[in-house]
Amino acid sequence: MARGRLRAGLRWVRSVLRTRRGQRRAVRIVAAAALLALLPSAWLYIAEGGRLRTVADAPSEPVAVVFGAGLDQGRPSPYLAHRLDAALALYRAGKVKALLVTGDNGHTGYDEPDAMRTYLLQHGVPAERVVRDYAGFDTWDSCSRAHRIFGVDRALLVTQGFHVRRAVGMCRAAGIDAYGIGVDEPHDTTWYYGGVRELPAAGEALLDAVLKPAPSLLGPKVTTLARWG
C-alpha cells in the first residue's frame, strides 16, 4: 500500500515537472525552502556579530564558559583542548576570574567536565577557580544552566568560530550578558562538518530563544561562582 502511494506520488511529480509551469513552481518551492532554512543562520550572523571578541580585546568578565567538544581516550579532543587553551589565555590575562566548564557526563566512562578541569589544573589554574557543569548536554542546556543553576549573569563564551554566534545568541536568550571568543581552527573535515551542522542547529537555536525551554536537568543552585562576581 505504502509503496503504491509512493510510486503514484513520484509519477505525479514527474508529470508536473514535465511542464514549464510545474518547473517554475518547483524552483520557487526550492528557493523558498532554502530561504527559510537560512533565515535562522542569518539572524545569528547579524544579531550576534557585534558580540564577538578575541582574547586581546575581550572585556573583563567574572567567568568564562567553556563548552565541551568531545574526548579522545578520556582526554580533551584537539578541538576541546584549543578551547581550553583560549580560556587559559583569558585567565592569565586577567580577563576572567573563574572558569565554568560545561559538557556531557551522560553515561559511565564519559566525563567531559572532569577532563576539562584536569586539563586546566595541569596548566596552573587553581582548583577553586574551576567549576563543573555535568549536564551541559547541548548549547541551550549549558547556557540555561549557567544562568539558572550557577548564577552566571555576565560571561565570555569560549568555543570554535563556527559555533560561537549560536552560543552567544542562546546564552543571551537565557539571560546572560555574553561575549564570544571564537577559537580559530584549520579548515579540516571536522571544521566543515561543524559548519554544516550549524545550519539546522540555528533553527533549533531560534526556537529555544523564543520558547526558552527548561534544560534537560535542573537541580539545586550552585553558588560557587558568586564569590567571583
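Over how many bridges do β1 and strand β8 pair, and in which sense? Hi everyone, let's start there. This is a predicted model, so please keep that in mind throughout. β1 and β8, which covers residues 177-183, pair over two bridges in the parallel sense. If you want a residue to click on, go to Leu 52: its bridge partner in β8 is Gly 180.

Now zoom out to the whole sheet. The sheet is open, with six strands in the order β1-β8-β7-β2-β5-β6, and the pairing is parallel. At the edges stand β1 (52-53) and β6 (130-133); each has a single partner strand, so one side of each is left without a neighbour in the sheet.

Next, the helices, beginning with α3. How far apart are its end C-alpha atoms? Helix α3 runs over residues 78-92, which makes 15 residues, and at 1.5 Å a residue it should span 21 Å. The end C-alpha atoms are indeed 21 Å apart, so the expectation and the model agree. Quite a few side chains here are buried, including Leu 80, Leu 84, Leu 88 and Tyr 91. After α3 comes Gly 94, which has a positive phi, near 75°.

One α3 residue deserves a closer look, and that is Tyr 79. The model has one aromatic pair. Its members are Tyr 79 and Phe 162, with 6.4 Å centre to centre and 35° between the planes, which makes the pair tilted. Since Tyr 79 lies in α3 and Phe 162 in helix α6 (residues 161-173), the pair ties together parts that are 83 residues apart in sequence. Both rings are tucked away: Tyr 79 is buried at a relative accessible area of 10%, and Phe 162 is buried at 18%.

Staying with α6, we come to the cysteines. There is one disulfide in the model. Cys 143 and Cys 171 form it, with their sulfur atoms 2.2 Å apart. The torsion about the S-S bond is about -80°, so this disulfide is left-handed. Cys 143 lies in helix α5 (residues 139-148) and Cys 171 in α6, so here the parts tied together are 28 residues apart in sequence. Cys 143 and Cys 171 are both buried.

Last stop: charges over rings. Arg 51 has its charged end over the ring of Tyr 179, 4.4 Å from the ring's centre. Likewise, the charged end of Arg 129 sits over the ring of Trp 228, 3.8 Å from the centre. Thanks for listening!

Terms used
Residues are numbered from 1 along each chain as its sequence is written. This is a predicted model: local features need pLDDT of at least 70, side-chain atom pairs count only at pLDDT 80 or more; totals for chains, interfaces and linings use all residues. Side-chain values use heavy atoms; hydrogens and water are left out. Helices (H or I, at least four residues) and strands (E, at least two) are DSSP runs, numbered from the N terminus. The expected span of a helix is 1.5 Å times one less than its number of residues. Buried means under 20% relative accessible area, exposed over 50%, partly exposed in between (1.4 Å probe, protein chains only). Rings of Phe, Tyr and Trp (its six-membered ring) pair if their centres lie within 6.5 Å; planes under 30 degrees apart count as stacked, over 60 as edge-to-face and the rest as tilted. A charge sits over a ring if NZ of Lys or CZ of Arg is within 6 Å of the ring centre and within 35 degrees of the ring normal. A disulfide is a pair of cysteine sulfur atoms within 2.5 Å. Two strands pair if DSSP finds at least two bridges between them.
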